[in-house]
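Please open the structure in your viewer and keep the sequence at hand. The tour below proceeds by selection, one stop after another.

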Amino acid sequence: MWLGEPVIAAHRLVKQYGDFRAVDGIDLAVARGESFGILGPNGAGKSTTMRMLTATLQRTSGDLSILGHDPATAGPLIRAHLGVVPQQDNLDTELTVAENLFTYGRYFGLPRAYLRTRVDDLLDFAQLTDKRSAKVESLSGGMKRRLTIARGLVNEPEIVLLDEPTTGLDPQARHILWDRLFRLKESGTTLVITTHYMDEAAQLCDRLVVMDGGRIVAEGSPAALIREHCPREVVEVRFGSDRNAQAAEQLADIGQRHEVLPDRILIYTDAGEADLQRIVARGFEPITSLVRRSSLEDVFLRLTGRSLAED
Amino acid sequence: MTADVSDAALTPPSRRGALYVAEYRLRNMWKWRGSIVAFGIGNPVLYLASVGIGVGALVDANGGGVDGVPYLVFLAPALIAAAAIQGGTDEAMFPSLHGFIWSKLFFSIRATSVTGGQIADGVLLATVVRVVFTSAAYWCVLWAFGAVGIGSALPLIAVSVLAGSAWGALILAIVAGVHDDSGFLSLVGRLVFMPMFLFSGTFYPLSSLPLAVQWIGWISPLWHATELGRWLSYGADLPPWQAAVSIAYLLAMLVGGTLVARVRFERRLVA
């Protein structure tokens, strides 16, 4: 239920390159203040969708409205109110950290006096105050990412769009970044995030769509998607790659549904511990076993027949 | 409670996008001010000392100068135009390769309210500033060497700026279509800039060359700027129609290059 007009609304949105449909007729709507995720493997059409949402790629067909305007005719107007964090940090390596923020602010026509204060605030937000005079080259991957995000906030955007914000970062850097994005979310900024990390989507997104092959295959909150598509728990057992398929046949009556992956068997069930005990009671001795809660990864596997990690 | 955005009056983006891009380029140039000034002054000093005075003494001793004036005076308008065109090449080509390929900086700028066309305009504006500086510095050195009179300052600098900017606009339009820079730089340097420098009547009148290669001069902005410069500097013989054609040719290159660059930047950055 919407409390107002969506800030982003797409209807039958298509992007076609020759014979290839990168985005194949998707519908989506993002409400103000919402944290919206686009989850999918590489090549699903996430980044192409994102470029259309950032008003830097024209659609082939369909309708798209961003902040009440059509990006085909009002691109600069829309972009003036967006914060874009691209997949690759295209920072200016010849400028310092602070100069990157200042220069970027100038592109939006922001006054120099305002920017001097704004840059200080953004450095504080990105936890880069002590790096303000450092050259970009000297920053770690996580710091560059935080700087790119801070740069995307310089114009106090109404919507911040982040394309794969934590790809390539180590776990600690990811958690620092998530913390920053949480703060943004808490401040009421509308976030649109593409990711192929299900834990990231689960952490950050109020609602998400799962994309595969240019289409949206599911939509909902992370919890609702898991509830809708998977039993509560998963038993993961490994018997060795040459024995998994045979073992799966013999365990077919345990749990509600199986997925046999090359390296392990996933048994979906509402009673993980009990089912694992039943497996052991039958004389099976898994090399490793694990009972966990169902996740978005399982939803994706269910919907597409593929693991996100395979892509 | 969330606001209804369907009729939202968003603050319109600034129309000064090109100025902001030029400001960024100038800020960047400022970081290189030492080498820009050293190159802007040092290059003409070395050139005039070696070719102008050295070769000039030989030419003057054997033939009594060229075109009725000492060799240094004959050479000066060509050197200042060549320096302006070199400056235009540097400022249009390297930032554009940087922006499109090396750092992809233009792709971050196009995510703001600045349009692709404004990015092209901004880079060109900064190129013009660089060319003005290069031409003015070169003229000062030429004057110090006695190669030009004080009265030639404005017209000679203006012609050089026009040539450097026109060439810069053309380079900008070309670079907007370059996706793989391997080979491009040496292609421009060896097959375009060097032949232009050598066959544009820079060191001797174009008419001394066989007719078969004179066309290089006719299409070269350097030759047009040199012809205009010699006319303005020491009153070389130039029919009014040829002066008009040269000015029109350089203006057409400037306007045409700018328009094509705008379109190609826009297409490449907002596909």
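A residue is called buried when its relative accessible area is under 20%, exposed when over 50%, and partly exposed in between (1.4 Å probe, protein chains only). This is a predicted model, in which local features need pLDDT of at least 70 and side-chain atom pairs count only at pLDDT 80 or more, while totals for chains, interfaces and linings use all residues. Residues are numbered from 1 along each chain as its sequence is written, chains are lettered from A and ligands numbered from 1 in the order in which they are written, and side-chain values use heavy atoms, with hydrogens and water left out.

**Stop 1: a salt bridge in chain A**

Select A:D24 and A:R215. Their side chains meet in a salt bridge, with 3.0 Å from N to O; the term denotes a side-chain nitrogen of Lys or Arg within 4 Å of a carboxyl oxygen of Asp or Glu. A:D24 belongs to strand β2 (residues 20-30) of chain A and A:R215 to strand β9 of chain A, so the pair ties together parts 191 residues apart in sequence. Helices (H or I, at least four residues) and strands (E, at least two) are DSSP runs, numbered from the N terminus. A:D24 is buried, with a relative accessible area of 17%, whereas A:R215 is partly exposed at 47%.

**Stop 2: the hairpin**

Extend the selection to strands β8 (residues 207-212) and β9 (residues 215-220) of chain A, which pair in the antiparallel sense over five bridges. Pairing requires that DSSP find at least two bridges between two strands. A:D212 stands opposite A:R215. Two residues lie between the strands of this hairpin, and A:G213 takes a positive phi near 60°.

**Stop 3: two further salt bridges**

Select A:K185 and A:D206, whose side chains form a salt bridge of 2.6 Å, N to O. A:K185 lies in helix α6 (residues 171-186) of chain A and A:D206 in the loop between α7 (198-204) and β8 of chain A, 21 residues apart.

Next, select A:D298 and A:R292, which meet in a salt bridge of 2.7 Å, N to O. A:D298 counts as buried, at 1% relative accessibility. Salt bridges that share partners join both residues with A:E236, A:R238, A:D263 and A:R264 in one network.

**Stop 4: the nonpolar core**

Which residues touch the most other members of the largest nonpolar core? Select A:I8, A:I159, A:V192, B:I119 and B:F265, which do so among its 160 residues. Such a core is a set of buried Ala, Val, Leu, Ile, Met, Phe, Trp, Tyr and Cys residues joined through side-chain atoms within 4.5 Å. Helix α3 (residues 71-102) of chain B gives the most to this core, with 18 residues.

Centre the view on A:V192. Its contacts (heavy atoms within 4.5 Å) include A:I8, A:F36, A:M50 and A:I159, residues up to four places away in sequence not being counted. A second, separate core of twelve residues includes A:A247, A:A248, A:I279 and A:F284.

**Stop 5: the interface**

Display both chains: 36 residues of chain A are in contact with 35 residues of chain B. The area buried between them is about 3400 Å², of which carbon and sulfur atoms give 57%; buried area is the accessible area (1.4 Å probe) that two parts lose on being put together, summed over both. A:R79, A:E94 and A:Y107 supply 21% of the area that chain A buries against chain B, more than any other three residues.

Three salt bridges are found across this interface. Finish with A:R112 and B:E23, which form a salt bridge with the closest N and O atoms 3.2 Å apart.
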